[in-house]
Every structure is written in structure tokens, then in C-alpha cells.
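Let's take a walk through this structure together, going from a pocket to the core and then to a few single residues. Have the viewer open and turn things around as you read.

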Amino acid sequence: MNRSPQSRRFWRIFGPIFGYWGIQIVTQFIIGMVIVVLNAAEIAGAIASITEENMIEKVIDLSMKMSQILMEHQSLAAAFTALCTFMFAAFFFTNDRKAEKNAQLPIQKKAPSVQYIWVLLFGVVFCLGMNVIIAMSGLAARDVSYITNSAALYSEGIVVMLICQGMIVPISEEMMFRGVLFKRCREQMGFWNAAFSVSLIFAFMHSTLTQLTYTLVLGLFLAYFYEKFGSLKAPALLHVMVNVVSVVLTKTGILMWLCSDFMRMAVCIVGCAFAGAVAFVKIQGMKKQTQIQVEV
């Protein structure tokens with residue numbers, strides 16, 4: 001029996017999401033097993049020391065130890081998961097673009113390379129401005145989960161952080177959330193509905209309230225840049241720049257220095273708002289042109 005059009009639309013959008021979550025669960029399980037193997041001797045010793053009197057205490061200690069090891073290598077684990085999900089998303093992305101080409105659908109012409117300078121500028125000031133606003137609001141200071149996750153995430157060296165969190169993770173996320181999900185939602189519900197829906201899913205992939213707020217706003221800009229530039233390179237570049245700047249600001253102590261003085265924060269926010277507005281106006285003024293795809 002053929003599926004209804006509504007069923008096909010549902011699975012066209014939510015099928016990749018379920019697959020994405022499934023891959024994350026599997027990779028996290030694999031990473032957990034690798035940690036167990038690498039620490040097999042210590043685990044065996046801990047298990048051997050368990051008695052009826054200290055069973056609960058020993059099990060809790062062992063569990064906390066395993067969690068600590070995993071958190072200490074959170075960036076590497078996230079990068080491994082991102083590489084796996086990237087290959088999954090790239091399969092759908094490539095098939096979708098082939099289908100569009102075979103159907104000879106009109107596509108947007110790519111923006112000139114020089115226009116990407118505004119993406120870079122916007123990425124820098126967005127990251128800097130949003131981090132200062134969050135610090136000024138006190139949201140991050142009250143979010144215990146955010147503080148714990150950030151401490152674990154930024155425990156790696158800056159080079160590892162730049163490669164894993166600055167490049168691999170954002171590129172993988174853009175392939176799935178903008179390259180696959182946003183494009184598919186865009187076909188059915190228009191730009192703003194698609195942008196908000198996918199940004200909301202993207203935000204809920206991040207576990208803390210602070211990250212949810214930050215990524216929801218970022219997701220809307222990522223979708224808008226994809227729409228304006230007609231290329232996945234634009235949101236990928238913006239996402240990479242935001243993450244790279246965040247790593248640099250945190251690891252070098254610049255963000256802590258800025259947030260230690262109210263006047264510095266105020267000047268920073270005003271400057272970022274001005275520079276961001278200039279970059280956004282330049283991008284908003286870009287004219288979109290379309291062309292018909294012809295199968296060669």
C-alpha cells in the first residue's frame with residue numbers, strides 16, 4: 001500500500017532527525033565502551049574490591065570516575081560523533097541536490113566570494129556580543145548545568161578545541177540542520193516557519209537553558225544567511241567563526257576580562273551592535289538571482 005502524501009512529508013523531515021539521534025546514541029555507546037576497555041584494569045580492581053557493605057559506595061565512585069573521564073575528553077567525543085553524523089547528513093544532502101538537478105528546478109546563483117567578508121564580521125561580533133549580553137544578564141551564572149558543561153568542554157587544549165569544536169562540530173551540524181532539514185522544511189512551509197522550526201530543534205539539541213537561548217538566535221541567522229547566499233558555505237562559515245571566536249575568547253581569558261567591568265561590557269555591546277548591523281545590512285541588500293539547473 002502506498003503511503004499518504006502526509007506520511008511521506010512527515011518521514012522526509014523527521015526521518016533524518018531520528019537517524020541523526022540514533023547515530024549520536026550509538027557513537028556515545030561506542031565511546032563509552034572504548035573508555036571501559038582503556039580503563040579495564042582499574043575497573044576490574046574496583047569491582048574486585050566491592051563487598052556487600054561497600055557495594056553502593058563503590059558503584060557510585062566507579063560511575064563518577066567513568067563520567068569524569070568522558071567529560072575530560074568531551075571535545076574529542078563530540079568530534080567523533082560529528083564525523084559520523086556528517087557522513088549520514090551528507091548522504092541526504094547529496095541526494096536532495098541530485099533530485100533538484102534532475103528535475104531542473106531553478107536554483108539561486110551563488111553570491112560573490114567577496115560578500116563572505118560580512119559573514120566573518122558578523123560571526124565575530126555576534127559571538128562576542130551575545131556572550132557579553134548573557135554574562136551581563138546573569139543567565140550563565142545561574143545555570144549550573146551550563147557552568148559544569150563549559151568547564152568540561154573547555155578542559156581540552158586550545159588546538160584540540162579549535163579543530164573539534166571550532167571546525168568539525170559546526171560543519172557537521174550545518175550539513176544536517178541547514179543543508180538537509182531546513183531545505184526540506186523550506187519546500188513545505190516557507191522561509192520563516194522553516195527557519196524557526198529547525199532553529200528550535202537545533203536549540204533543543206543543546207542541553208542547557210543558556211545554550212538553548214544562544215543557539216535559537218544563532219539558528220535563525222544561520223537559516224537567513226543560507227537563504228541570502230544560496231550556499232551552505234555561508235551558514236557553515238558563520239557557525240565556524242562563532243565557535244572559533246568563542247574558543248579563543250574563553251581560552252585566552254579575554255571574555256573574563258571583558259565581563260569583569262560593566263563599562264567594558266557596555267562599550268563591547270554597543271560596538272558589536274553597530275558592527276553587526278553594518279554587516280547585516282550589507283547582507284540584506286544582496287540581490288538574489290536564480291537559474292535553471294540543466295543535467296549534463
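Before we look at a pocket lining, a quick word on classes: Ala, Val, Leu, Ile, Met, Phe, Trp, Tyr, Cys and Pro count as nonpolar, Asp, Glu, Lys and Arg as charged, and the others, Gly among them, as polar. Keep in mind, too, that what you have in front of you is a predicted model.

With that sorted, go to the largest pocket, which holds about 1700 Å³ of space. How many residues line the largest pocket, and which lie nearest its centre? The lining has 50 residues, and Gln74, Asn149, Leu153, Gln165 and Gln211 are the ones nearest the centre. Sorted by class, that lining comes out as 27 nonpolar, 22 polar and one charged residues.

Two of those central names come back when you look at Ser75. This residue sits in helix 4, which covers residues 74-102. Buried or exposed? Ser75 counts as buried, because its relative accessibility is 0%, and the cut-off for buried is under 20%. Setting aside neighbours within four places in sequence, Ser75 is in contact with Leu153 and Gln165, and also with Glu156, Met161 and Cys164. Val169 is 94 residues away from Ser75 in sequence, yet the two C-alpha atoms are 9.1 Å apart.

Now step back and take in the whole chain. It has 13 helices and two strands, and its C-alpha atoms fill a box of roughly 75 × 65 × 30 Å along the principal axes. Of the 296 residues, 41% are buried. The accessible surface adds up to about 16300 Å², with 69% of it belonging to carbon and sulfur atoms. As for how the chain meets itself, take the contacts with a separation of 6 or more: 82% of them are between residues 24 or more positions apart.

Next, the largest nonpolar core. It has 54 residues, and Phe182, Tyr214, Phe225 and Phe229 touch the most other members. Which helix gives the most to this core? That would be helix 5 (residues 116-137), with 10 residues.

Let's zoom in on two of those phenylalanines. Phe182, leaving out residues up to four places away in sequence, touches Phe177, Phe191, Ala194, Ala195, Val198, Ala223, Tyr226 and Glu227. Phe225 belongs to helix 10, residues 209-229. With a relative accessible area of 0%, Phe225 is buried. Under the same sequence filter, its contacts are Val119, Phe122, Gly230, Ala234, Leu238, Phe280 and Ile283. For a sense of span, pick Met55: Phe225 and Met55 are 170 residues apart in sequence, and their C-alpha atoms are 55 Å apart in space.

Last stop, Val36. You'll find Val36 in helix 1, which runs over residues 5-38. Why is Val36 partly exposed rather than buried? Its relative accessible area is 32%, so Val36 falls in between the limits of 20% for buried and 50% for exposed. Between Val36 and Leu237 there are 36 Å from C-alpha to C-alpha, and the two are 201 residues apart along the chain.

Notes
Residues are numbered from 1 along each chain as its sequence is written. This is a predicted model: local features need pLDDT of at least 70, side-chain atom pairs count only at pLDDT 80 or more; totals for chains, interfaces and linings use all residues. Side-chain values use heavy atoms; hydrogens and water are left out. On a 1 Å grid over the protein atoms alone, a cavity is a set of points where a 1.4 Å probe fits but cannot get out, and a pocket is an open set with protein on both sides within 12 Å along at least five of seven lines; lining residues have an atom within 4 Å of a point. Grid points are joined across faces, edges and corners, and a volume is the space filled by probe spheres set on the points. A nonpolar core is a set of buried Ala, Val, Leu, Ile, Met, Phe, Trp, Tyr and Cys residues joined through side-chain atoms within 4.5 Å. Buried means under 20% relative accessible area, exposed over 50%, partly exposed in between (1.4 Å probe, protein chains only). Helices (H or I, at least four residues) and strands (E, at least two) are DSSP runs, numbered from the N terminus. Contact means heavy atoms within 4.5 Å. Accessible areas come from the Shrake-Rupley method with a 1.4 Å probe; for residues, only the protein chains shown count as cover.
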